Amino acid sequence: MTKFFQALLTGVFFTFILDFFLFLGIKINYIDFYNIDLYYNILFADHQNIYIYTICSILIGYIMIYIDNNKISTIVLAILFVTVSLSLIKPIGKSIGESLLMTKNITLQDTKHTYIGDIYYDGRKNITFYDHELKKVIILDKKRLIKNK
């Protein structure tokens, strides 16, 4: 039982490190590129998928603790780290951010206006939106938007 908890905690720790670098690349190459006012901690906390995180933690913990071949463990972790670190490269980090956070060609409405464009970031209170008609980035308050049924 102790080996199980050691594997689980080791997996959680290393998965956290991998997540850190993934979201750091998104923050640097996507969030900062579009000048979105957002702290790293909010990005990291709001976009965690607990199921993926749990599965990765269990798999990494199993690889590190239960597999007795250190070469295999080291190779697998090195490949994971290099893969996640690719988000620190500008075009790769930007495309990862776009695939996770951007919604293209969407229509939003409030009581006075209809906005057609791309959602750059859907935050807790505001939406960072690129309006195709205005050809600029605007911030929309979520409370003022009309929900489509």
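How many positive and negative side chains does the protein have, and how far apart do the centres of the two sets lie? The protein has 16 positive and 12 negative side chains, with the two centres 2 Å apart. Lys and Arg count as positive and Asp and Glu as negative, while His and the chain ends are not counted. Each charge is placed at NZ of Lys, CZ of Arg, CG of Asp or CD of Glu.

The model is predicted: local features need pLDDT of at least 70, side-chain atom pairs count only at pLDDT 80 or more, and totals for chains, interfaces and linings use all residues. Residues are numbered from 1 along each chain as its sequence is written, and side-chain values use heavy atoms, with hydrogens and water left out.

The mean pLDDT (the predictor's confidence in each residue, from 0 to 100) is 92, and 99% of the residues score at least 70. Confidence is lowest in helix α2 (residues 40-46), with a mean of 89, and highest in helix α5 (residues 90-101), at 96.

The secondary structure consists of 5 helices and 4 strands. Helices (H or I, at least four residues) and strands (E, at least two) are DSSP runs, numbered from the N terminus. Their order from the N terminus is α-α-α-α-α-β-β-β-β.

The radius of gyration of the protein is 19 Å, whereas a compact globule of 149 residues would have a value near 15 Å. This radius is taken over C-alpha atoms, and the globule rule is 2.2 Å times the number of residues to the power 0.38. The C-alpha trace spans about 65 × 30 × 25 Å along its principal axes.

Of the 149 residues, 34% count as buried. Buried means under 20% relative accessible area, exposed over 50%, and partly exposed in between (1.4 Å probe, protein chains only). Contact means heavy atoms within 4.5 Å; among contacts between residues at least 6 apart in sequence, 50% join residues at least 24 apart.

Ser 57 is part of helix α3 (residues 50-65) and is buried, at a relative accessible area of 3%. Apart from neighbours within four places in sequence, Ser 57 is in contact with Ala 7, Gly 11, Val 12 and Thr 15.

Two residues with positive phi that are not glycines are tabulated here.

| Residue | Phi | Place | Relative accessible area |
|---|---|---|---|
| Asn 105 | about 50° | strand β1 (residues 103-109) | 65%, exposed |
| Lys 135 | about 60° | loop between β3 (126-131) and β4 (136-141) | 62%, exposed |
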